[in-house]
Amino acid sequence: MTQPNNRPLILAVDDEASNLQLLRQILQDHYRLLFAKDGARALELARQESPDLVLLDVMMPGMSGYEVCAALKANPATAAIPVIFVTALTDTADELEGFEAGAVDYITKPVSPPIVRARVRTHLSLVRMEELRATRLEIVQRLGLAAEYKDNETGLHVIRMSHFSRILGIAAGMNEAEADDLLHAAPMHDVGKIGIPDRILQKPGPLDPDEWKIMQSHVTIGAEIIGDHEGGMLALAAQIALTHHEKYDGSGYPHGLRGNDIPLVGRIVAIADVFDALTSKRPYKKAWTEEEALTLLREQKGRHFDPALVDLFLEQMPAVRAVQQRWAEA
């Protein structure tokens, strides 16, 4: 029976043909297989075929498995391929050397077929999960950029304000994982503008009361677009979309939340978004100077913005300037 060609591709590397034959018997029913008997051939096949996983012997003539693994990790084209060592070496120091070379797992010989299949399946699942995470993140970022382009922005605004948000999040006590979620969720803050008519969104003059009411609805539209999620980055993005126009004194929208009733991420993004908007040139205005923008932040402490977060933002200005320089408008 013809096997589907979309099965994961595994590269097995061992200088003993009998070991390669055993791995073939264990894995051939579920995976496509490549074989190499030395390090040089393994590196060549890895570059040419981009396998999903490498099973790698340690003790081989010429290049050792450790050297092959290090070479794979040093090449950007192959660095992400997970490597599992399959070896007779059982000393803890040998395992440590393998992990330091970049391996994700260690299987000892003589191999157990169920263990080999389980370890391979586990690490291929982890690769798949990372691919799905990266794809989801790319979709989120692209949707955020779509809203910016509709609003006549370059797309750099969402990059800068997202990094400002991460910087402020760390300063406010977030750990690295929480701050990274904030970085990736912040670009969605204005996604609801997709649902605002162009005649309002791109109106050159001031909006009348009815138009302003429609414009304000972008926060609820954004939360609806992102949807309800129990947790994670998308739940954070929905919270930001809904609350980044709330004000510390309760005069914001859509719900007139006050003080710490506004979620921390909404208070953070409010500062990051306004600061970048003020210091950026737009068709309808000149860019404010840094000092002009910071003066407004100081004046709005306790009114528009959380006073403690404004103080933290002022302390982080060297990092903020570095972001502005890296993602400056052309």
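## A salt bridge within one helix

At 31% relative accessibility, Glu44 counts as partly exposed, the class between buried (under 20% relative accessible area) and exposed (over 50%), with a 1.4 Å probe and protein chains only. The model is predicted, so that local features need pLDDT of at least 70 and side-chain atom pairs count only at pLDDT 80 or more, while totals for chains, interfaces and linings use all residues. Residues are numbered from 1 along each chain as its sequence is written, and side-chain values use heavy atoms, with hydrogens and water left out.

The side chain of Glu44 meets that of Arg41 in a salt bridge, at 3.2 Å from N to O; the term stands for a side-chain nitrogen of Lys or Arg within 4 Å of a carboxyl oxygen of Asp or Glu. Both partners belong to helix α2 (residues 39–49), where a spacing of three residues separates Glu44 and Arg41 by about one helical turn. Arg41 is also partly exposed, its relative accessible area being 35%.

## Salt bridges across the sequence

In total, the structure holds 14 salt bridges. One of them pairs Asp276 with Arg160, whose closest N and O atoms are 2.6 Å apart. This pair links distant parts of the chain, since Asp276 sits in helix α12 and Arg160 in helix α6 (residues 156–171), 116 residues apart. Asp276 counts as buried at 1% relative accessibility, and Arg160 is likewise buried, with a relative accessible area of 3%.

A further salt bridge, at 2.7 Å from N to O, brings together the side chains of Asp306 and Arg267. Because Asp306 lies in the loop between α13 (290–299) and α14 whereas Arg267 lies in helix α12, this pair ties together parts that are 39 residues apart in sequence. Asp306 and Arg267 are both buried. Elsewhere, Asp14, Asp57 and Lys109 are joined into one network by salt bridges that share partners.

## Aromatic pairs

Rings of Phe, Tyr and Trp (its six-membered ring) pair if their centres lie within 6.5 Å, and the planes make a pair stacked when under 30 degrees apart, edge-to-face when over 60 and tilted otherwise. By this rule the structure has six aromatic pairs. In the pair of Trp212 and Tyr253, the ring centres are 6.1 Å apart and the planes stand at 80 degrees, which means that the pair is edge-to-face. Since Trp212 is part of helix α9 (residues 209–216) and Tyr253 of the loop between α11 (233–243) and α12 (264–278), the pair ties together parts 41 residues apart in sequence. The accessibility of the partners is given for each: Trp212 is partly exposed, with a relative accessible area of 41%, whereas Tyr253 is buried, with a relative accessible area of 12%.

Phe275 and Phe313 also form an edge-to-face pair, because their ring centres are 5.1 Å apart and their planes stand at 65 degrees. This pair again links distant parts of the chain, with Phe275 in helix α12 and Phe313 in helix α14 (residues 307–315), 38 residues apart. Phe275 and Phe313 are both buried. In addition, Tyr66, Phe85 and Tyr106 are linked into a cluster by ring pairs.

## Nonpolar cores

A nonpolar core is a set of buried Ala, Val, Leu, Ile, Met, Phe, Trp, Tyr and Cys residues joined through side-chain atoms within 4.5 Å. The largest one has 40 residues, among which Leu182, Ile226, Ile271, Phe275, Leu297 and Phe313 touch the most other members. The elements that give two or more residues to this core are α5 (113–150), α6, α7 (176–185), α11, α12, α13, α14 and α15 (317–326). Of these, α12 gives the most, with eight residues. A second, separate core of 24 residues includes Leu34, Ala46, Met60 and Val68.

When residues up to four places away in sequence are not counted, Leu182 touches Ser165, Arg166, Gly169, Met174, Leu236, Ile240, Val265, Ile268 and Val269, contact being heavy atoms within 4.5 Å.

## The chain as a whole

The secondary structure comes to 15 helices and five strands, taken as DSSP runs (helices H or I, at least four residues; strands E, at least two) and numbered from the N terminus. The radius of gyration of the chain is 27 Å, well over the 20 Å that the globule rule gives for 330 residues, so the chain is more spread out than a compact globule; this radius is taken over C-alpha atoms, and the rule is 2.2 Å times the number of residues to the power 0.38. Along its principal axes, the C-alpha trace spans about 80 × 45 × 40 Å.

Buried residues make up 43% of the 330 residues in the chain. Among contacts between residues at least 6 apart in sequence, 58% join residues at least 24 apart.
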